[in-house]
Amino acid sequence: MKKLLLAMGILAFSTAAYAQVVEFAVADADGNGAVTIEEAMAANPSASSDALVAADGDGDGSLSPEEYEALASQ
């Protein structure tokens, strides 16, 4: 598991140089299919917490792939 997280972290930093937004699969650190507000903040430190909360359209406290992509495209 540690190797997977390390690989994901390296991937996140290497892709950050090419794109401002971390991909959903990388942001979903625990691999449960949803990105919590905390995971989104860790993956995208420049995003405001207000923007992340606003992106949570259904108010369940996490971002679905669609919600995350909509946030990323802003």
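**Group meeting: a walk through the predicted model**

Good morning. I begin with E39, which lies in helix α3, spanning residues 37-43. Please keep in mind throughout that this is a predicted model. Is E39 buried or exposed? Its relative accessibility is 10%, and E39 therefore counts as buried. The side chain of E39 reaches back to the backbone nitrogen of T36, at 2.9 Å. If we leave aside neighbours within four places in sequence, E39 is in contact with A27, D28, A29, D30 and A34.

I turn next to a second glutamate, E67, whose place is in helix α5. E67 has a relative accessibility of 13%, so this residue also counts as buried. A polar atom of the E67 side chain lies 2.9 Å from the backbone nitrogen of S64. Not counting residues up to four places away in sequence, E67 touches A55, D56, G57, D58 and S62.

Let me now place these two residues in the overall architecture. The protein contains five helices and two strands. Read from the N terminus on, the order of the elements is α-α-β-α-α-β-α. Of the 74 residues in the protein, 30% are buried. Among contacts between residues at least 6 apart in sequence, 37% join residues that are at least 24 apart.

How many residues make up the largest nonpolar core? There are 13, and those touching the most other members are V22, A27, V35, L52, L63 and Y68. The elements giving two or more residues to this core are α2 (24-27), α3, α4 (49-55) and α5 (65-72). To take one of these core residues, L52 is in contact with I37, A40, M41, A47, L63 and L71, again leaving aside neighbours within four places in sequence.

Y68 deserves a further word. A search of the whole structure finds one aromatic pair. The pair is formed by F24 and Y68 in an edge-to-face arrangement, with 5.7 Å from centre to centre and 70° between the planes. F24 lies in helix α2 and Y68 in helix α5, so the pair ties together parts that are 44 residues apart in sequence. Both F24 and Y68 are buried.

That brings us to α5 itself. Which residues of α5 are buried? They are E67, Y68 and L71. Viewed down the axis of α5, the buried residues fall within an arc of 100°, and they therefore line one face of the helix. The cover over these buried residues includes α2, β1 (35-36), α3, α4 and β2 (62-63).

For contrast, consider V53, which is found in helix α4. V53 has a relative accessibility of 52% and so counts as exposed. From V53 to T36, the C-alpha atoms are 9.8 Å apart in space, with the two positions 17 residues apart in sequence numbering.

Finally, a remark on confidence. The mean pLDDT of the protein is 81, and 73% of its residues reach 70 or more. Where does the pLDDT fall below 50? This occurs over residues 14-19, a stretch with zero contacts in the model beyond near neighbours in sequence. Where pLDDT is low, the predicted coordinates should not be read in detail.

To close, I return to the two glutamates: E39 counts as buried at 10% relative accessibility, and E67 counts as buried at 13%. Thank you for your attention.

Conventions
Residues numbered from 1 in each chain as written. Predicted model: local features only at pLDDT ≥ 70, side-chain atom pairs only at ≥ 80, totals over all residues. Heavy atoms only, no water. Helix = DSSP H or I, 4+ residues; strand = E, 2+ residues; numbered from the N terminus. Buried < 20%, exposed > 50% of the residue type's maximum accessible area, 1.4 Å probe, protein only. Polar contact = N/O pair within 3.5 Å; in protein donor to acceptor, adjacent residues only side chain to side chain. Contact = heavy atoms within 4.5 Å. Core = buried A, V, L, I, M, F, W, Y, C linked by side-chain atoms within 4.5 Å. Phe/Tyr/Trp six-rings, centres within 6.5 Å; stacked < 30°, edge-to-face > 60°. pLDDT = per-residue confidence, 0-100. Arc of directions from axis to C-beta.
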